[in-house]
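Here are some exercises to work through with the structure open beside you. Try each task yourself, then compare notes with the solution.

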Amino acid sequence: MVDKDLLSIQETRALVRAARAVQPELQNAGQERVDALVEAIAKVGVEMAETLGKMASEETGFGKWEDKKQKNILASEKLVNYYKGTKTVGIINEDSERKIVEIAAPMGVVAGLIPSTNPTSTTLYKAIISLKSANAIVFSPHPSAVKCITATVNMIKGVLKAMDFSEDLVGVISVPTMQGTDELMKIADIIVATGGNAMVKAAYSSGTPALGVGSGNVPAFIERSADVDVAVQKIFSSKTFDNGTVCASEQSIVTEACIADKVKASVIAQGGYFLEGEKLAKVKRVMERPNGAMNPNIVGRSAADIAKVAGIEIPAGTTMLLCDEPGVGPKFPFSKEKLTALLGFYVVNDWQEACEICYKLLKNGGLGHSIGIHSNNETVIREFAMKKPVSRCLVNTPTTQGAVGLTTNMAPSLTLGCGTVGGSATSENVGPQQLFNIRRIAYGLDDAAATTGSAPVENLDVQAVTNMIIEQLKKMSGTV
């Protein structure tokens, strides 16, 4: 009997070897054929969006298939349309004036690490950005989402075959283990890691170049000039989207004391329920594992599901559970990232104090990711954005949909970089432009300035330069 970990390692090596062998085929296909390929994948992705969404929700138990369908469309049609016309293969830029030609050089084989929270959409997205940049990709699926991820890969393989490309350009480990994933990260050419902090740290520690993302403990500030009802509606539409499984979803509401009662009333009117006493204690008991990690039994669940797990009664129609959290840190679980229907609630005196509490929340597991602000005061918006260690400041929009490019002009992406402050190699919404190197052809220049580093002698006023030097020498010698 072969050990599962050894089988996984062997399979991973075979997949990478096969992908590397056929990757030049894609590189040599040219921009037109590559674009036709990703457009065909996007078309089938839209056609299969609902089926894949249902598969993901049924297999993992996370989120809502209707929202997963929308994420599948984002990761296929919207993604391809956004990069339509973007050059990613061969010569991508020619600057005749500067005499420089830029050539896209694909990285080779991408290691695609896929989480259980967004399995099919992340697979579609990573396959498309890899193939668009003429790379092959091998996926390491989360063990609890193997079936839906494999189904997505098989769908892509069908398109590859129909377009006369090798199916080996996209592979998936059928026996996922930690050892197999470690091997993939070691032998691939670049890693695109989406998942928990442990996975991202492992990617950066593998010795292979990596693009990873951090956690997203996203605060949303409702400032006194905001339309309160609209702000709450947008926060709820974001937080309930796929039951909060997107890392850009809001984790806390911060508002000013002068409008706090109005905000609370709007929250309650729109389906929010503030936990108190024994009910709050029971929910807190099921939020975390003993090590402080999120309890997977409530990740991506509805408010009703969480109440059932906690053994409490909540009003019919409740869509969100909230807590008036008095602090930030390990002792205050509602101040952490909660990929489910839970929100912390904070009241401050003014926007300056909101800056302080939001900064503390970001330091508590969300540095570099995103922040939301609902305001009609442009001065406050700019000050808020300038002082926050985030890569995305999302204004008057749901942070989930805004960050991934559904309700903003941000690049459609399911890998949201957090910059160096968040431990990421990039602060961008990762796309195909991060998956190729640029080779430059630089032609020699003809004029004398290129050789000497200065203007040609005939253009200089020699007498003026001589007079300037004489004056400086006089000053230095004390004769002036």
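The exercises below go from the whole chain down to single residues, and the model is a predicted one.

**Exercise 1. Get your bearings on the chain**

Work out how many helices and strands the chain has, and what share of its residues count as buried.

Solution.
- Start with the secondary structure: the chain comes to 17 helices and 15 strands.
- Next, the overall dimensions: the C-alpha trace spans about 90 × 70 × 40 Å along its principal axes.
- Then check burial: 52% of the 480 residues count as buried.
- Finally, look at contacts between residues at least 6 apart in sequence: 72% of these join residues at least 24 apart.

**Exercise 2. Hunt for disulfides**

Find how many disulfides there are in the whole structure, and check cysteine 148 and cysteine 393 by hand.

Solution.
- A search of the whole structure turns up zero disulfides.
- Take cysteine 148 and look for its nearest cysteine sulfur: that belongs to cysteine 247, 18 Å away. The cut-off for a disulfide is 2.5 Å between the sulfurs, so cysteine 148 is in no disulfide.
- Cysteine 393 is in no disulfide either, and its nearest cysteine sulfur, that of cysteine 358, sits 9.6 Å away.
- Now add accessibility. Cysteine 148 has 0% relative accessibility and counts as buried, while cysteine 393 is partly exposed at 27%.

**Exercise 3. Two partners for one helix**

Decide how H3 lies against H6 and against H5: roughly parallel, roughly antiparallel, roughly perpendicular or oblique?

Solution.
- Begin with H3 (residues 49-60) and H6 (residues 146-162): they pack at an angle of about 160°, and their axes are 8 Å apart.
- An angle over 145 degrees counts as roughly antiparallel, so that is the label for H3 and H6.
- The crossing of H3 and H6 is left-handed.
- On the H3 side, the contact uses Leu52, Met55, Ala56 and Glu59; H6 brings Val146, Lys147, Cys148, Ala151, Thr152 and Met155. Sort those residues by type and you get seven nonpolar, one polar and two charged.
- Now move to H3 and H5 (residues 119-132), which pack at about 130° with their axes 8 Å apart. That angle makes H3 oblique to H5.
- Here Leu52, Ala56 and Thr60 of H3 meet Pro119, Thr120 and Leu124 of H5. This contact divides into four nonpolar, two polar and no charged residues.
- Leu52 and Ala56 of H3 turn up in both contact lists. For helices in general, there are 3.6 residues a turn, so residues three or four places apart point the same way.

**Exercise 4. What surrounds H7?**

List the buried residues of H7, then find which elements they pack against.

Solution.
- H7 covers residues 178-187, and its buried residues are Gly180, Thr181, Glu183, Leu184 and Met185.
- Follow their contacts outward and you reach two helices, H1 (4-27) and H8 (197-204), plus strands S3 (109-113), S4 (136-140) and S6 (190-193).

**Exercise 5. Buried or partly exposed?**

Classify serine 76 and methionine 199 as buried or partly exposed, and find what each one touches.

Solution.
- Serine 76 lies in helix H4 (residues 65-82), and a relative accessible area of 0% makes it buried.
- Leaving aside neighbours within four places in sequence, serine 76 is in contact with Ala42, Gly45, Val46 and Ile128.
- Zoom in on alanine 42: it is 34 residues from serine 76 along the chain, yet their C-alpha atoms are separated by 4.3 Å.
- Methionine 199 belongs to helix H8, and at 24% relative accessibility it counts as partly exposed.
- Not counting residues up to four places away, methionine 199 touches Leu113 and Thr194.

**Exercise 6. Track down the positive phi values**

Find where lysine 99 and asparagine 396 sit, and what phi each one has.

Solution.
- Keep the background in mind: most residues other than glycine have a negative phi.
- Lysine 99 has a positive phi of about 60°. Look for lysine 99 in the loop between strand S1 (90-95) and strand S2 (100-106).
- Asparagine 396 has a positive phi too, near 50°, and is in the loop between strand S14 (390-395) and helix H15 (399-403).
- Check accessibility last: lysine 99 is partly exposed at 29%, and asparagine 396 is partly exposed at 29%.

Conventions
Residues numbered from 1 in each chain as written. Predicted model: local features only at pLDDT ≥ 70, side-chain atom pairs only at ≥ 80, totals over all residues. Heavy atoms only, no water. Buried < 20%, exposed > 50% of the residue type's maximum accessible area, 1.4 Å probe, protein only. Helix = DSSP H or I, 4+ residues; strand = E, 2+ residues; numbered from the N terminus. Contact = heavy atoms within 4.5 Å. Axes fitted to C-alpha atoms, helices over the stretch in contact; angles between N-to-C directions. Parallel < 35°, antiparallel > 145°, perpendicular 65-115°, else oblique. Left-handed = near helix turned anticlockwise from the far one by under 90°. Nonpolar A, V, L, I, M, F, W, Y, C, P; charged D, E, K, R; others polar.
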